[in-house]
Amino acid sequence: MGDYVRQLPEASADLARRPSLALRLHIDVPLLLLLLMLTCFGLIVLYSASGTQLGAVVRQGQYFVVGYVAMIVAAQIDLQRYQRWAPWFYLLGVGLLLAVMFVGVGAKGAQRWLDIGGFRFQPSEILKLVMPLAVAWYLASRALPPRFSSVAACLALIALPSALILSQPDLGTALLIAASGLFVVFMAGLSWRYIGGVVVAVFLSAWPAWIYVLKDYQKQRILTLLNPESDKLGAGWNIIQSKTAIGSGGWEGKGWLNGTQSQLDFLPESHTDFIIAVLAEEFGLRGVLALMGIYLLIILRGFWIGFTASTIFGRMVAGSLTLTFFVYVFVNMGMVAGLLPVVGVPLPLVSAGGTSVVTLMAGFGLLMAASTEQRGLLH
Amino acid sequence: MAQHIPFRDPGQAIGIYGARTLVAVLIVLSLLAIILLRYYDLQINDYETYRTQSERNRVQLQPLPPKRGLIYDRNGVLLADNRPSHILSIVRERVTDLEGTLAELQALVPISGADLENFQQKLQRRRPYEPVPLRFRLTEEERALLAVNRHRLPGVTVDAQLVRHYPHGELFAHAIGYVGRINEQESQQLDERNYRGTFHVGKVGVENFYENMLHGEVGYQNVETNAHGRVLRVLERHDPVPGADVTLHLDFDLQKTAFEALGEQRGAVVAIDPKTGGVLALVSTPGFDANLFANGISGADYSLLRDSPDMPLFNRAVQGQYPPGSTIKPMMAMAGLGSGLVTTETTVPDPGWYRLPGNSRRYRDWILKIRGTGHAPHVALEMAIAESCDTYFYDLARRLTIDGMHEYLQHYGLGERTGLDTTNERPGVLPSTDWKRDAMGQPWYPGETLSAGIGQGYMLATPMQLAVATAVLATRGEQRVPRLLRSIAGEAQSPPLVTTMAANDEHWTAVHQAMRAVVHSPRGTARKIGQGMPYEIASKTGTSQVIGIAQNAVYIEEEVAERHRNHGLFIAFAPYEAPVIAVAVIIENGGGASAASPVARKVLDSWLLRSPADG
C-alpha cells in the first residue's frame with residue numbers, strides 16, 4: 001500500500017498542474033484507468049463465459065457505455081448538492097419501494113420491479129446509492145462519533161427501506177443496502193461497544209432467525225453450502241460445478257475459451273453470478289490474483305479518496321461506497337468458491353447484467369465527485 | 001474512541017475517519033486473503049482432484065454399437081437384417097414434472113406396467129442427462145402423436161435404433177433362431193467392453209452360435225457433452241467393425257416348400273446335401289414370429305408361446321427326440337451284412353410275430369393287425385426293408401445283440417449330437433447295456449433288444465440325426481458334421497469333418513436297392529408317393545409308437561386320442577444313382593409314415609425338379 005499511496009498524489013498533482021481535461025470533466029484518472037482495466041478484463045471473460053457470443057459482449061459493452069456516462073454525469077454534480085438532495089432521494093426511494101409493494105411486477109415469486117411505460121427497473125438498486133447518501137447526510141450534521149440517539153435514528157433510516165426490500169423478498173439486496181448504511185455509521189466512528197453488541201446480537205438471533213425468518217430456499221442454500229455433496233444434482237450442483245471449474249484451472253488456467261466446465265454448460269449461471277469460476281478456470285490462480293489486484297487497487301483508491309475528502313459527508317459516502325463495493329467482491333468470490341451461501345450477488349463490473357453496472361458506475365461517479373471536490377479545494 | 005467531542009470538529013472527525021479507514025483496509029485485506037487462500041486451496045492444493053473431475057464431466061466415452069451381420073440363404077435371399085426401431089426415451093434432467101410427463105405420455109401411447117417398471121429401474125442407474133428408454137417399437141402413428149405433442153413434453157425424445165428384423169418371420173425361426181434383449185445373466189457372461197451399447201444378443205440358433213461373428217466389434221467416440229448431455233463435439237472416433245454377413249446353406253424355396261408341406265401338422269423336416277453336410281432346409285412346426293423376440297416380447301405373448309400345447313418354441317428338428325422306428329432298418333441291414341450274420345439271401349420265417357426262444361411273449365409285426373399274417377412265409381433282406389418287416393429285424397436284432405447294434409449304428413451319428421452349428425441340439429439315445437446301466441441302473445433285458453431292432457423302446461433320434469444318418473447311407477458311409485453356415489463375409493467355410501465307415505460296397509448296393517423298393521416296387525410301404533415321380537429315390541418309412549400297446553390289445557387308431565397317435569417318419573435320399581439331397585421328415589401323431597412321405601416328396605420335387613434358372 002505504501003508505494004501506491006506515494007505515487008498517486010503525485011500523479012494527480014501532475015494532472016492538476018495543467019488545466020487538465022480530467023479535472024474539467026471531474027475525472028479521477030487512477031480510478032478511471034483501474035475501472036477501464038476491469039471493464040476490459042470483464043468483457044474478455046464474458047466473451048468466453050457467454051459461449052463466445054459476441055452479442056452478449058456487445059450488449060454488456062452498451063451497458064458499460066451507459067455506466068460510464070452515468071459515472072461522468074454523477075461526477076459533475078457537486079457533492080454538497082448531493083448532501084442537500086439526499087433526504088429527498090431517500091424519500092423518493094422509499095416511495096418507489098412502497099410502489100413496488102403495491103403495483104410492482106415480479107418474477108420467480110419475487111416482486112422487485114416497477115414497470116413505467118415499458119421500462120422496468122428495480123427501485124432497490126437506487127437505494128444502493130441513496131442509502132449511504134441519506135445516512136451520511138444525517139450524520140454530517142451531528143456530533144461525531146455519533147451519540148446513541150444518532151445511531152438509533154440511523155438504524156431507523158436503514159431499517160425502513162431494508163425491511164421493504166426484505167419483504168419483496170430479496171434478502172441479499174436487503175442485507176447489502178443495510179450494510180451500505182451501516183458502513184457509513186462505522187466510518188463515522190461508531191463505538192466499538194455497539195459494534196461488539198451487534199455481533200453478539202447477530203449470533204444470538206441466528207437461532208430464531210433460522211426458525212422464523214429464513215425461507216426454505218434460503219435454508220437450503222446454507223445447508224447446501226455446508227454439504228454440497230448431499231444434493232449433488234440439485235442445489236449442490238452449482239457449487240460442485242463451480243468448485244470443479246475453479247480447481248481444475250490450477251495456477252496457469254486452461255486458457256481463454258478453453259475452460260471446459262464453463263464452455264460445456266456444466267457451470268450454471270456462468271456468465272452472470274458464477275463468472276469468476278470461468279475466469280478461474282481459464283486464467284488460473286494467476287487470473288484470480290490479477291482480478292483481485294485490480295479490485296484491491298480500486299478499493300484502496302476509494303479509501304484514499306475518502307481519506308483525502310474535504311468534507312465529512314464526502315468521507316463517509318466514499319468510505320461506505322468503497323466498502324459496499326468490496327462486499328460485492330467478497331460475497332461473490334466467496335459464494336462461488338463455496339465459502340458463503342449462494343446469494344444473488346454479481347461479481348462487480350464483470351458479471352453480465354446492466355442494472356448493477358449502471359448502479360456501480362454511478363457510485364464511482366459519486367467517488368469522483370468527492371475526489372473532485374478535494375482537488376477543487378486545493379486549486 | 002467512544003469519547004464524545006464538540007459539535008462538528010472536522011479535525012477530530014478526520015482523525016476518526018483515518019483510524020476507521022485503516023481498520024476497514026485491514027478488514028478488507030484479511031477477508032481478501034481468506035478468499036485468496038480458498039482459491040489457492042482449490043486451484044493449487046486440490047488441483048489434481050478437480051482436474052480429474054472436470055475431465056470426467058467433460059469427456060464422455062460413448063460406445064458405438066456395431067451393425068449386426070446380415071444372414072442370407074444360399075442364393076442371397078435375406079433372412080435377417082436390421083431395421084430402425086423407434087424408442088421413446090426420457091431425459092430426466094430436462095423434465096420438470098416426471099409424474100406429469102409420464103401421465104401425459106400414457107394418454108398418448110400405450111405404456112405397459114412392465115415398461116414402466118423397467119423404466120423406473122433404469123432411471124436409478126442412469127445419469128440425469130442420459131436418455132432412459134420407456135417404450136420400444138413405436139408405431140408410425142405413435143411417433144406422429146408424440147411429434148405433434150413434442151412442445152408440451154420437454155425431455156421426451158424419440159430415437160431410432162437398429163433392431164434385428166426377420167423378413168420371413170415364422171418360416172426361418174427355428175432354422176436361424178433369434179436375438180433378444182440381453183438379460184442379467186447374459187450380461188455377466190458377455191464381454192462387457194464389446195457389448196457396451198448393444199442391447200440384443202443371439203439367443204438361440206445360428207444367431208447364438210455365430211454371435212461372435214455376427215456382432216462385430218464395438219466402436220467408441222469421445223465426445224464433449226454439456227450438462228444436458230448434448231454432444232457438442234466429437235473429439236475422437238473409432239468406428240465400430242460391423243458384424244460379418246453370413247450365408248447359410250439353407251435354401252429359401254426348399255424351406256418354404258417344407259414349411260408349407262407340413263402345414264398345420266406338428267413336425268419337422270431336415271434336408272441335407274449329403275456331399276457337403278450343408279443343411280438345405282430345417283423346419284419345425286408350428287413356428288413363431290422371431291421378430292417378437294427381437295423387439296422385446298411382451299409377457300402375454302411369451303406365455304402364449306410357452307404354454308401352447310403345440311410347443312411352438314420347441315425346435316423339433318434338433319430338440320425333438322423320437323423313436324426312429326423302422327427308419328433304422330436300412331442301418332440294421334448294413335449291420336447284419338457287415339457282421340456276417342445275414343447275407344442278402346438269408347431268410348427269416350414270418351408268421352406275423354416273433355418269439356424269443358424259451359419265452360411265450362409274442363412280438364408282433366405291424367402287418368399282423370392288417371392282414372392277420374406275416375409279409376411272406378420267408379422274408380429276405382430286400383423285402384424286409386421294402387415292406388418294413390418287423391419279424392426279420394427282431395431276429396436280426398436278437399442275433400446282433402444290443403451292444404452289436406450300438407457298435408454298428410453309432411457310425412450313422414445316432415446317440416450323439418450331430419455337431420450342427422446351432423443351439424439346444426439333443427443327442428438322442430442309442431441304447432446299449434452300458435447305457436442302460438449308467439442311465440437307469442438296470443440290466444438289459446433280451447426283449448428290449450427286439451424293440452430296439454425296429455427303432456422302438458429306448459432308442460431315440462432327432463430329425464437332424466436321421467437326416468445325417470440318411471446322408472451316411474447315401475454317401476456309402478461318409479459321416480459329415482452337418483452345417484448351416486456356408487460362407488462368412490463371402491469366404492467359403494472349410495468342408496466339415498468326414499469320418500468314413502468301413503463297409504463292403506456290395507452291402508451298400510443291396511441296401512440301396514432295398515430302399516429304392518420302398519417307393520419303386522408294387523408292395524413298397526411308400527409306393528403311393530412314387531406316382532408320377534420322374535426320378536428314383538431310396539427311402540424308408542417309419543412309424544413310432546407314442547404309447548406302449550398292451551399285450552393282446554387290439555390297436556385301433558381312431559380310438560386313440562390324437563396326442564397318442566403314432567408318429568409318422570420318412571427318410572430318403574435322391575436321386576437314387578447320384579444323391580444330392582437327404583431328407584428326414586417326422587409328423588408328430590401323424591398316425592403313420594403315410595403322413596410323412598408326401599411331405600418328403602414335395603421337398604424332393606422342389607429340390608430336384610426346379611429349373612436351373614431357379615438356382
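This passage describes an annotated transmembrane region and an annotated binding site in chain B of a predicted model.

In an unreviewed UniProt entry, residues 21-40 of chain B are listed as a "transmembrane region". Over residues 21-40 of chain B, the model is 100% helix and 0% strand. The C-alpha atoms at the two ends of this stretch lie 28 Å apart.

The UniProt annotation "binding site", likewise from an unreviewed entry, covers B:Asp350, B:Asp365, B:His375 and B:Cys389. These residues are spread over 40 residues of sequence, yet they cluster in space, with a largest C-alpha distance of 8.8 Å.

Two residues of the annotated site were examined individually. B:Asp365 is placed in the loop between strand E17 (362-364) and helix H14 (368-371) of chain B. Because its relative accessibility is 3%, B:Asp365 counts as buried. Apart from neighbours within four places in sequence, the contacts of B:Asp365 include B:Asp350, B:His375 and B:Cys389. B:Gly352, B:Trp353, B:Ser388, B:Asp390 and B:Thr391 are also in contact with B:Asp365.

B:His375 occupies the loop between H14 and strand E18 (378-379) of chain B. A relative accessible area of 4% falls under the 20% limit, so B:His375 is likewise buried. With neighbours within four places in sequence left aside, B:His375 is in contact with B:Asp350, B:Asp365 and B:Cys389, among others. Further contacts of B:His375 include B:Trp366, B:Ile367, B:Met383, B:Glu387 and B:Arg523. B:Ser388 and B:Asp390 are in contact with B:His375, and both also appear among the contacts of B:Asp365.

Key:
Residues are numbered from 1 along each chain as its sequence is written. Chains are lettered from A and ligands numbered from 1 in the order in which they are written. This is a predicted model: local features need pLDDT of at least 70, side-chain atom pairs count only at pLDDT 80 or more; totals for chains, interfaces and linings use all residues. Side-chain values use heavy atoms; hydrogens and water are left out. UniProt positions are given in the numbering used here, feature names are shortened, and annotations may be inferred rather than shown by experiment. Helices (H or I, at least four residues) and strands (E, at least two) are DSSP runs, numbered from the N terminus. Buried means under 20% relative accessible area, exposed over 50%, partly exposed in between (1.4 Å probe, protein chains only). Contact means heavy atoms within 4.5 Å.
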